[in-house]
Amino acid sequence: MDIHYFPGRVRIRDGALRDDEIREAAIRMAKKMGKVESISYNERTASVLVEYDPDSLSADRLNALLPLAKKLHAKLSFYTERKKADVLALLAQMDGVLGACP
């Protein structure tokens, strides 16, 4: 998984995003990151681009995600269909953490 970050913009690239269910779960979670201006998916590069208001994403929200993001990164390394349920569960946990953050 590749993540490119610049305040106001995050691009996540991973072949697992070609799976509709994983991509939709990742987008649902991304919508809770802050004031999202746009989300786009590029099938050719298997990447999701999230553009958001950088003032709406606090360091607390990012820090709350770090432990789960590390686990997700490990699951996506050498992704196979057998890992799909674990990936979806981690995305759901991340979604829950973002929903619980102020």
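## Three helices and two loops

Helix 1 and helix 3 run roughly parallel to each other. That is a good place to enter this structure, which is a predicted model. The description "roughly parallel" applies because angles under 35 degrees count as such, and the angle at which helix 1 and helix 3 pack is about 15°. Their axes lie 9 Å apart, and the crossing of helix 1 and helix 3 is left-handed.

Let us look at where these two helices touch. On the side of helix 1, the residues involved are Glu21, Ile22, Ala25, Ala26, Arg28 and Met29. On the side of helix 3, they meet Lys84, Val87, Leu88, Leu91, Met94, Asp95 and Leu98.

Now turn to the other neighbour, helix 2. Helix 2 and helix 3 have axes that come within 10 Å and cross at roughly 175°. Angles over 145 degrees count as roughly antiparallel, and helix 2 and helix 3 are therefore roughly antiparallel to each other. In helix 2, the residues making this contact include Ala64, Leu65, Leu68 and Leu72. Among their partners in helix 3 are Val87, Leu90, Leu91, Met94 and Leu98.

With both neighbours in place, helix 3 itself deserves a closer look. Helix 3 covers residues 84-100, and its 17 residues should span 24 Å at 1.5 Å a residue. The C-alpha atoms at its ends are indeed 24 Å apart, so the expected span and the model agree. Which residues of helix 3 are buried? They are Lys84, Val87, Leu88, Leu90, Leu91, Met94, Asp95 and Leu98. Viewed down the axis of helix 3, these buried residues fall within an arc of 160°, so they line one face of the helix. A general rule helps here: an α-helix has 3.6 residues a turn, so residues three or four places apart point the same way. The cover over the buried residues of helix 3 includes helix 1 (20-30) and helix 2 (59-76). On the face turned away from the buried side, helix 3 carries the exposed residues Ala85 and Ala100.

Leucine 91 makes a nice guide to this region. Leucine 91 sits in helix 3 and has a relative accessible area of 5%, so it counts as buried. Leaving aside residues up to four places away in sequence, leucine 91 touches Ile22, Ala25, Ala26, Met29 and Leu72. Leucine 91 and alanine 30 are 61 residues apart along the chain, yet their C-alpha atoms are separated by 9.8 Å.

Finally, let us visit the loops. The loop between strand 3 (36-42) and strand 4 (47-52) holds arginine 44, and alanine 46 lies in the loop between strand 3 and strand 4 too. Is arginine 44 buried or exposed? With a relative accessible area of 71%, arginine 44 is exposed. Alanine 46, by contrast, is buried, at a relative accessible area of 2%. Arginine 44 is 29 residues from glycine 15 in sequence, and the two are 9.8 Å apart in space from C-alpha to C-alpha.

Alanine 46 also has a positive phi of about 50°, although it is not a glycine. Phenylalanine 78 is another residue other than glycine with a positive phi, near 55°. Phenylalanine 78 belongs to the loop between helix 2 and helix 3, and its 78% relative accessibility makes it exposed.

Definitions and conventions:
Residues numbered from 1 in each chain as written. Predicted model: local features only at pLDDT ≥ 70, side-chain atom pairs only at ≥ 80, totals over all residues. Heavy atoms only, no water. Helix = DSSP H or I, 4+ residues; strand = E, 2+ residues; numbered from the N terminus. Expected span 1.5 Å × (residues − 1). Buried < 20%, exposed > 50% of the residue type's maximum accessible area, 1.4 Å probe, protein only. Arc of directions from axis to C-beta. Contact = heavy atoms within 4.5 Å. Axes fitted to C-alpha atoms, helices over the stretch in contact; angles between N-to-C directions. Parallel < 35°, antiparallel > 145°, perpendicular 65-115°, else oblique. Left-handed = near helix turned anticlockwise from the far one by under 90°.
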